[in-house]
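Me: I am in my first year and would like a close look at a single part of this protein. Please take me through it slowly, in connected prose.

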Amino acid sequence: KETGNVTTPTESSADPKPSMTEDFAPSEVELEANQLSIQADMDLVTKMIESNDVVATLHEEVKRLSDDNASLQSRVNALMREKNKAVELLQKAQRELDRTKRHKA
């Protein structure tokens with residue numbers, strides 16, 4: 001509706017309410033542009049690291065330590081699984097022992 005110089009939105013011209021099923025995901029073009037930007041940043045960082053021997057040496061040490069840390073974390077996880085299994089077996093054996101003692105008493 002129009003009243004003088006003021007325009008008021010009518011029901012049909014108002015923005016529709018967004019639907020929960022609308023696709024708000026980024027487009028393929030946006031995803032590709034983002035990926036290219038990330039790759040350009042990675043290339044720049046790599047060039048910067050490689051241009052300085054001290055930084056390159058430190059970077060290699062960081063990678064080595066990260067690999068060592070991942071290996072150690074994997075071993076800790078395996079040991080924790082073994083410990084949990086041992087606790088389960090011990091609890092089961094304790095329940096069976098308690099049951100046997102009750103039946104004998």
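Which kind of contact joins the side chains of Glu60 and Lys63? Please also describe the helix and the chain around that contact.

Reply: The side chains of Glu60 and Lys63 meet in a salt bridge, with 3.3 Å from N to O, and that distance falls within the 4 Å that the rule allows between a side-chain nitrogen of Lys or Arg and a carboxyl oxygen of Asp or Glu. Before going further, please keep in mind that this is a predicted model, in which the protein chain averages a pLDDT of 84 and 78% of the residues score at least 70. Confidence in the chain is highest in helix H2, residues 53-104, at a mean of 94, whereas it is lowest in strand S1, residues 2-3, at a mean of 52.

To place the contact, it helps to start with the whole chain. The protein chain has two helices and two strands, and along the sequence these follow the pattern β-β-α-α. Of its 105 residues, 2% count as buried, and the accessible surface comes to about 10100 Å², with 58% of that area belonging to carbon and sulfur atoms.

Helix H2 has 52 residues and spans 76 Å from its first C-alpha to its last, which is close to the 76 Å expected at 1.5 Å a residue. At the N-terminal end of H2, Asn52 acts as a cap, with a side-chain oxygen lying 3.0 Å from the backbone nitrogen of Val54.

Now we can return to the pair you asked about. Glu60 and Lys63 are three residues apart in helix H2, so about one helical turn separates them. The general background is that an α-helix has 3.6 residues a turn, so residues three or four places apart point the same way. Glu60 counts as partly exposed because its relative accessibility is 45%, and Lys63 counts as partly exposed because its relative accessibility is 39%.

By the same rule, the count comes to three salt bridges, and the remaining contacts bring in Arg64. Arg64 forms a salt bridge with Glu61, where the closest N and O atoms are 2.6 Å apart, and these residues, being three apart in helix H2, are also separated by about one helical turn. The side chain of Arg64 meets that of Asp68 in a salt bridge as well, at 2.8 Å from N to O, and here the two residues of H2 are four apart, again about one turn of the helix. Taken together, Glu61, Arg64 and Asp68 are linked in a network of salt bridges.

The members of this network can be described in terms of exposure too. Arg64 is partly exposed, with a relative accessibility of 41%, while Glu61 is partly exposed at 35% and Asp68 is partly exposed at 34%.

Methods
Residues are numbered from 1 along each chain as its sequence is written. This is a predicted model: local features need pLDDT of at least 70, side-chain atom pairs count only at pLDDT 80 or more; totals for chains, interfaces and linings use all residues. Side-chain values use heavy atoms; hydrogens and water are left out. pLDDT is the predictor's confidence in each residue, from 0 to 100. Buried means under 20% relative accessible area, exposed over 50%, partly exposed in between (1.4 Å probe, protein chains only). Accessible areas come from the Shrake-Rupley method with a 1.4 Å probe; for residues, only the protein chains shown count as cover. The expected span of a helix is 1.5 Å times one less than its number of residues. A polar contact is a pair of N or O atoms within 3.5 Å; within protein, one must be able to donate a hydrogen and the other to accept it, and residues adjacent in sequence count only if both atoms are side-chain atoms.
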